[in-house]
Amino acid sequence: MTPAVEASEQVIALIRDNEDIANHADGCDTETLAAAEHAMGLAFPPSYRCLIEALGTWDVPPKEFLGVYRTSARGDVLLGSVEQTLTARSKAGLPADLMVVMVDDIWGYVVLDTSQPDQDGEYPVFAWNPGLPDRDSMERLADDLGSFVLKECRQAIDQ
């Protein structure tokens with residue numbers, strides 16, 4: 001198991017151990033994950049796949065992480081990362097190789113740069129804002145999603 005996936009496993013345990021303040025969905029099956037990747041034209045890195053399979057989507061207030069999920073009200077529409085990524089592409093000019101994993105008041109969009117996979121298939125995490133002059137202006141937040149989410153969840157839970 002890679003360090004990024006290990007971090008994701010720790011997040012899953014942390015969320016489940018703190019269900020009095022944290023929330024999560026039921027997780028995603030393989031077909032839904034494949035449909036999400038197809039809709040965005042991007043592949044999930046292993047650490048994100050691990051989180052989505054187990055939790056679907058999750059939050060530890062005030063942090064809300066975009067996974068992949070559906071609701072009965074929206075039917076087959078893939079919500080979370082898929083909807084936010086596609087909307088940011090069409091309305092804010094998000095480059096096609098960036099995947100939205102979180103929307104934040106401070107950072108704007110928290111994205112994975114799928115054009116920069118490491119040896120484990122993980123992507124670096126950046127803050128992207130529609131007003132940035134170019135990609136070089138993006139702030140790098142973490143080397144992988146697992147470690148980023150673990151840090152953010154621990155801060156939100158005060159551990």
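Which residues is Trp128 in contact with, leaving aside its neighbours within four places in sequence? This report on a predicted model answers that question once the chain as a whole has been described.

## The chain as a whole

The chain of this predicted model has five helices and nine strands, and, read from the N terminus on, its elements run α-β-α-α-β-β-β-β-α-β-β-β-β-α. The C-alpha trace spans about 40 × 35 × 30 Å along its principal axes. A compact globule of 159 residues would have a radius of gyration near 15 Å, and because the chain has 15 Å, its value agrees with that expectation.

Of the 159 residues, 48% count as buried, while the area that the chain exposes is about 7800 Å², with carbon and sulfur atoms supplying 47% of it. If one takes the contacts between residues at least 6 apart in sequence, 52% of them join residues at least 24 apart. As for charge, the chain has 11 positive and 28 negative side chains, and the centres of these two sets lie 4 Å apart.

## Trp128 in strand β8

Trp128 is placed in strand β8, which covers residues 125–128. Its relative accessibility is 8%, and because buried means under 20%, Trp128 counts as buried. To return to the opening question, and leaving aside neighbours within four places in sequence, Trp128 is in contact with Ala92, Gly93, Leu94, Pro95, Leu98, Trp107, Gly108, Tyr109, Val111 and Met138. Trp128 can also be compared in position with Val100, which is 28 residues away in sequence, with the two C-alpha atoms 9.0 Å apart in space.

In the loop between β7 (108–113) and β8 one finds Asp118, which, at 32% relative accessibility, counts as partly exposed. Asp118 and Pro45 are 73 residues apart in sequence, and their C-alpha atoms are 9.8 Å apart in space.

## Thr85 and Met40, a contact between two helices

Thr85 belongs to helix α4, residues 81–92, and is buried, with a relative accessible area of 0%. A polar atom of the Thr85 side chain lies 2.7 Å from the backbone oxygen of Ser81. Not counting its neighbours within four places in sequence, Thr85 is in contact with Met40, Leu94, Leu98, Met99 and Val100. Two of the residues in this list, Leu94 and Leu98, also appear among the contacts of Trp128.

Met40 lies in helix α2, residues 30–40, and is likewise buried, with a relative accessible area of 3%. When residues up to four places away in sequence are set aside, Met40 touches Ser81, Val82, Thr85, Leu86, Arg89 and Met99. The C-alpha atoms of Met40 and Arg70, which are 30 residues apart along the chain, are separated by 16 Å.

## Helix α3 and the residues that follow

Is helix α3 largely enclosed or largely open? Seven of the 10 residues of this helix (residues 46–55) are buried, so helix α3 is largely enclosed by the rest of the structure. The buried residues are Ser47, Tyr48, Cys50, Leu51, Ile52, Ala54 and Leu55. When reading such a list, it helps to recall that an α-helix has 3.6 residues a turn, so residues three or four places apart point the same way.

Just after α3, Gly56 takes a positive phi of about 75 degrees. Thr57 is placed in the loop between α3 and β2 (58–60), and, at 15% relative accessibility, Thr57 counts as buried. The side chain of Thr57 reaches the backbone oxygen of Phe65 at 3.0 Å. Phe65 is also among the residues with which Thr57 is in contact when neighbours within four places in sequence are left aside, and the others are Asn23, His24, Ala25, Leu66, Gly67 and Tyr69.

## A cis peptide bond

Pro61 and Pro62 are joined by a cis peptide bond, with omega at about 10 degrees. Pro62 is found in the loop between β2 and β3 (63–65).

Methods
Residues numbered from 1 in each chain as written. Predicted model: local features only at pLDDT ≥ 70, side-chain atom pairs only at ≥ 80, totals over all residues. Heavy atoms only, no water. Buried < 20%, exposed > 50% of the residue type's maximum accessible area, 1.4 Å probe, protein only. Helix = DSSP H or I, 4+ residues; strand = E, 2+ residues; numbered from the N terminus. Rg over C-alpha atoms; globule rule 2.2 N^0.38 Å. Contact = heavy atoms within 4.5 Å. Areas by Shrake-Rupley, 256 points an atom, 1.4 Å probe, with all protein chains shown as cover. Lys, Arg positive; Asp, Glu negative; His and termini not counted. Charge placed at Lys NZ, Arg CZ, Asp CG, Glu CD. Polar contact = N/O pair within 3.5 Å; in protein donor to acceptor, adjacent residues only side chain to side chain.
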